[in-house]
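The following report describes a single protein chain through its charged pairs, nonpolar cores and aromatic rings. Please consult the sequence and structure alongside the text.

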Amino acid sequence: CCGRRLGKTTYGIRKASETALDGLPVGWFSPTYKMLEEIWNEVVEILRPVTFRKQEAQKRIELVTGGRIDFWAMDQDGANRARGRKYARVILDECAEVRYGLMDMWQQAISPCLLDYTGDAWFLSTPRRGGGFQQLYDMGMEGKSSWRSWRMPTQPSGLWTAEQLEAERASMS
């Protein structure tokens, strides 16, 4: 749970790339197709030197290492289309923005994809009260099973001045 412009998505791209470079499959999930398209373009450019095959229509990048990254939108049916896949890692970006039942998608479609590799999942988002992201975050804060949660405010990013942050604080809840 991190403030805006801290680098959550950049961190997610790094985690996904490391795993794919190790020869393992990764699933990337974004709330909307539009958000997914921006990430897809960025990752395609970053991994271009080690890309074996790029499948634009399927939003899949296969690397020379044997690893791959599949990209999915978490719209009404998006996560369901990932059923039956096997991933060593999944990245769920901007989780608080998911409109169609993050917990259901996680439990019914995404989590089972991690079983074959005993994989891990990274849920990245800005704070928003209520919803599936808060439920998942609270599980980590309570120390439930293998869940962990972290919180980082915007300020350490260095992208905002103290004056900009104070102006935002004054205008937000």
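In this predicted model, Glu45 is partly exposed, with a relative accessible area of 48%. Its side chain meets that of Arg48 in a salt bridge, with N and O 2.6 Å apart. Arg48 is likewise partly exposed, at a relative accessible area of 47%. Neither residue counts as buried, because the buried class is reserved for values under 20%.

**Salt bridges**

The bridge between Arg48 and Glu45 belongs to a count of 11 salt bridges. As general background, side chains of opposite charge can pair when their charged atoms come close. Three of the bridges are set out below.

| Pair | N to O distance | Burial |
|---|---|---|
| Arg48 and Glu45 | 2.6 Å | Arg48 partly exposed, 47%; Glu45 partly exposed, 48% |
| Glu56 and Lys59 | 3.2 Å | Glu56 partly exposed, 38%; Lys59 buried, 4% |
| Arg60 and Asp70 | 2.6 Å | both buried |

The pair of Glu56 and Lys59 brings together two burial classes: Glu56 is partly exposed at 38% relative accessible area, whereas Lys59 is buried at 4%.

For Arg60 and Asp70, the closest N and O atoms are 2.6 Å apart. This pair links distant parts of the chain, with Arg60 in strand β3 (residues 60-63) and Asp70 in strand β4 (residues 68-73), 10 residues apart. Both partners are buried. Arg60 and Asp70 also take part in a network of salt bridges that includes Arg53, Glu62 and Arg68.

**Overall architecture**

The chain contains five helices and six strands. Read from the N terminus, the elements follow the order α-β-α-β-β-β-β-α-β-α-α. Of its 173 residues, 42% count as buried. The accessible surface comes to about 10,000 Å², and carbon and sulfur atoms account for 49% of that area. Among contacts between residues at least 6 apart in sequence, 65% join residues at least 24 apart.

One approach between separate parts of the sequence involves Ala73 and Trp28, which are 45 residues apart in sequence and 8.4 Å apart in space, C-alpha to C-alpha. Ala73 lies in strand β4 and counts as buried, with 7% relative accessibility.

**A buried arginine in β5**

Which residues surround Arg89 beyond its neighbours within four places in sequence? Arg89 is in contact with Lys15, Thr19, Pro25, Val26, Gly27, Leu114, Asp120 and Trp122. Arg89 is found in strand β5 (residues 89-92). With a relative accessible area of 11%, Arg89 falls under the 20% limit and is therefore buried.

Two of the contacts are polar in character. The Arg89 side chain makes a polar contact with the side chain of Thr19 at 2.6 Å, and the Arg89 side chain reaches the backbone oxygen of Lys15 at 3.2 Å.

**Nonpolar cores**

In soluble globular proteins, nonpolar side chains tend to be buried together. In this chain, the largest nonpolar core has 23 residues, of which Leu92 and Ile110 touch the most other members. Strand β5 and helices α3 (102-110) and α4 (131-141) each supply at least two residues of this core. The most comes from α3, with six residues.

Leaving aside neighbours within four places in sequence, Ile110 is in contact with Phe29, Met74, Ala79, Val90, Leu92 and Met105. Apart from this core lies another, of 18 residues, among them Ile39, Ile69, Phe71 and Ile91.

**Aromatic pairs**

Five aromatic pairs are found in the whole structure. Trp40 and Phe71 form an edge-to-face pair, with 5.3 Å from centre to centre and 85° between the planes. Because Trp40 lies in helix α2 (residues 33-47) and Phe71 in strand β4, the pair ties together parts that are 31 residues apart in sequence. Trp40 is buried, with a relative accessible area of 0%, and Phe71 counts as buried at 3% relative accessibility.

Trp106 and Phe123 form another edge-to-face pair, at 5.0 Å from centre to centre and 80° between the planes. Here the link runs between helix α3, which holds Trp106, and strand β6 (residues 120-123), which holds Phe123, the two residues being 17 apart. Trp106 and Phe123 are both buried. Ring pairs join Trp106 and Phe123 with Trp147 in a cluster.

Note on methods. Residues numbered from 1 in each chain as written. Predicted model: local features only at pLDDT ≥ 70, side-chain atom pairs only at ≥ 80, totals over all residues. Heavy atoms only, no water. Helix = DSSP H or I, 4+ residues; strand = E, 2+ residues; numbered from the N terminus. Buried < 20%, exposed > 50% of the residue type's maximum accessible area, 1.4 Å probe, protein only. Polar contact = N/O pair within 3.5 Å; in protein donor to acceptor, adjacent residues only side chain to side chain. Contact = heavy atoms within 4.5 Å. Areas by Shrake-Rupley, 256 points an atom, 1.4 Å probe, with all protein chains shown as cover. Core = buried A, V, L, I, M, F, W, Y, C linked by side-chain atoms within 4.5 Å. Phe/Tyr/Trp six-rings, centres within 6.5 Å; stacked < 30°, edge-to-face > 60°.
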